[in-house]
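Q: I would like a close look at a single part of this model: how the strands are put together. Please take it slowly and tell me what lies around that part as well.

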Amino acid sequence: MTALVKLTGVGKDYGSVIALRDVSLEVAAGQVVCVLGDNGAGKSTLIKIVAGLHRHDSGTYEVQGEPVAFSSPRDALDLGIATVYQDLAVVPLMPVWRNFFLGSEKRRGLGRLDVDFMRRTTRDELLAMGIDLRDVDQPIGTLSGGERQCVAIARAVYFGAKVLVLDEPTAALGVKQAGVVLRYIVQARERGLGVVFITHNPHHAYPVGDRFLILNRGRPIGYHDKDDITREELTALMAGGAELEQLAHELEATGSTATARALDEEARTLGLTDD
Amino acid sequence: MTQATTGPAAADERVARRDPLRRLLVRPELGALIGAVALFVFFSATADAFLQTSSFSTVLYASSTFGIMAVGVSLLMIGGEFDLSAGVMVTSSALVASLVSFQLTLNVWAGVAISLAVTLALGVLNGLLFVWTKLPSFIVTLATFLMLAGANLGVTKAVTGNVASDSIRDMDGFASAKDVFASEVDMGGVNVNVTVFWWIAFTVVATWILLRTRAGNWIFAVGGNADSARAVGVPVARTKIALFAGVAFCAWFSGMHLLFAFATVQSGEGVGNEFFYIICAVIGGCLLTGGYGSAIGAAIGAFIFGMVNKGIVYADWNPDWFRFFLGAALLAATVVNHLVRRRAER
């Protein structure tokens, strides 16, 4: 199976700042690749390269085997790479179906909107992804954050996305809402899409991901198949294991022994220490 | 797993809470409609003359002259912008047609066509200035308002030596132009000004554009969230410029009515009217922040405006107080609108 999206040794500088270095990533159809990392790890830079907002400075970026260098998000979109950003690009006061088709309205000649078609399609597409919106005429602002996120994803899928890039879709959501979005990611995978799921939450990433890329300070510090890594190891990698241990030692030195011991303990259970 | 999730869990018990009454309440024009009915009952009870058909025709005429402008202004407001130059642009438009026809001794229809081109150019200029400078439309059109007001007076005085344009009543084409822009139509014994029919037509067309065309979708989107609209491929700048041009088109039409109703134009007219247009749109449910409203609402707003305007006269009140009542109506309408929407959206 050829990868839909394949990055090999990709790097990006902003002036003298090295934002990303030597990152490799591969997404095939029906696969979810999670990109994890703390703030400043380079997740945003990576997503901007994949989405076509920025061009990479080194390495290669291939889409279905063809090397590419995008100059705008439109280029990426034309090749079926759709990015759903955190702010979602929806207009809160407009009905769900108008948002769904905004910018790509279906018409019936003379500029007339095919309202019935758009209403029906919106309802069907959302239903296919497990969201039963009986009233697609309600303003999209009345939906919950998770549902809005799902409409944005369904929209990208409907307009021909082969690869979905999701920028922290669960970051601002409550537990239940995050669950709705995660379920949706699984749905997208089952429909045969490739998904790049950016998050800083290993508990969201682990259940849905097939492969995990962990970034730290612009460098990859792990690239694992699900079989190779446990949830605990993933969490530990994310937390930056050595730093947790360091903190424990510092606290011990200042006399907070109880806290330090607890942290030490935690580091050990997470498998971070050498002993 | 998917079977379980698409089943009962998806049938959210909260989805069905919007019953038909709520959906009606959430319409932007409902508050205005309630206000219009209340005012109608009030004036019918207090002013005997109000219910006569001839008085009603006068009310409709007053409503239509502001209503035609309110159509363009409301679309622009839904698109998230203001046009403070709309009032004086009506006068500019009338002056251009009048001065060009008279000075060059042309058929008045030539003046009408030239005026259309000039006024549309003014609207596009408003839009371009807004897009280029990225300043709030309030500031940009405040500037063009002042410039147009000055130019109206300056040019008219320079050309005619007077503050009013010369009468074009005896010129070629005046009669046919008056038929189109300023005639009276006999409706079963009552004379109704043709502007009333134009007002209705404009409102119908604008409503169709808003609700049933791609352009309408874009108007709501650029007013509701311009950044999001841009991100999904809506041409934001082009949509906004077109909306300013739409206001200009309405200004041209109103200007032609003004010219052919009186044959001469006072160059200082129109100042302050821009607020009345905005008031019509706001009473009709347009949000000042954009992204919400309707052309039908603006028409009802204009009807309220006309009723207050003439109702005061029929009720034998001191017309000096007209603006006071208009202000009170504006306040009441916006408060009612706000409450209705808050209740309906909860």
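A: Let's settle one set of words before we start: a residue is called buried under 20% relative accessible area, exposed over 50%, and partly exposed in between, using a 1.4 Å probe and the protein chains only. This is a predicted model, in which local features need pLDDT of at least 70, side-chain atom pairs count only at pLDDT 80 or more, and totals for chains, interfaces and linings use all residues. Residues are numbered from 1 along each chain as its sequence is written, chains are lettered from A and ligands numbered from 1 in the order in which they are written, and side-chain values use heavy atoms, with hydrogens and water left out.

Let's begin with an open sheet in chain A, whose 4 strands follow the order β2-β1-β4-β5 with antiparallel pairing. The edges belong to β2 and to β5 (66-67) of chain A; each has a single partner strand, so one side of each is left without a neighbour in the sheet. Strands here (E, at least two residues) and helices (H or I, at least four) are DSSP runs numbered from the N terminus, and two strands pair if DSSP finds at least two bridges between them.

Now follow strand β1 of chain A, residues 5-14. With strand β2 (residues 17-27) of chain A, β1(A) makes an antiparallel pair over 7 bridges. You can check the alignment by eye: A:V5 faces A:V27 in β2(A) across the pair, and A:K6 stands opposite A:E26 in β2(A). As a general point, side chains in a regular strand alternate between the two faces of the sheet.

β1(A) and β2(A) form a hairpin with 2 residues between the strands, and A:G15 there takes a positive phi near 60°. Further along, strand β2 of chain A holds A:D22. A:D22 has a positive phi of about 60° as well, although A:D22 is not a glycine. With a relative accessible area of 53%, A:D22 is exposed.

β1(A) also has a partner in strand β4 (residues 58-63) of chain A; the two run antiparallel and are joined by 5 bridges. In this pair, A:L7 has A:Y61 in β4(A) opposite.

What lies across β1, β2 and β4 of chain A? Helix α1 (residues 43-51) of chain A does, running at about 120° to β1(A). For such angles, axes are lines fitted to C-alpha atoms (for helices over the stretch in contact), and the angles run from 0 to 180 degrees between N-to-C directions; contact means heavy atoms within 4.5 Å.

Chain A has another open sheet to compare on your screen, with 6 strands in the order β6-β7-β8-β3-β9-β10 and mixed pairing. Its edge strands are β6 (81-84) and β10 of chain A, each pairing on one side only. From one strand to the next, the twist averages 15°.

Look next at a parallel pair in this sheet: strand β3 (residues 32-37) of chain A pairs with β9(A) over 5 bridges. Within that pair, A:V35 stands opposite A:L213 in β9(A). Helix α6 (residues 175-190) of chain A lies across β3, β7 (163-167) and β8 (194-199) of chain A, running at about 155° to β8(A).

At the β9 end of the order, find the loop between β9 (211-216) and β10 (219-225) of chain A, where A:R217 sits. Phi of A:R217 is near 50°, a positive value in a residue other than glycine. A:R217 is exposed, with a relative accessible area of 70%.

Finally, a glance at chain B for context. Chain B has 15 helices and 2 strands. Of its 346 residues, 51% are buried. Among the contacts in chain B with a separation of 6 or more, 76% come from residues 24 or more positions apart.

For a landmark in chain B, try helix α7 (residues 137-160), which contains B:F138. B:F138 is partly exposed, with a relative accessible area of 38%. Helix α7 of chain B also includes B:A143, which counts as partly exposed at 33% relative accessibility. From C-alpha to C-alpha, B:A143 and B:N126 are 9.6 Å apart in space, with their positions 17 residues apart in sequence.
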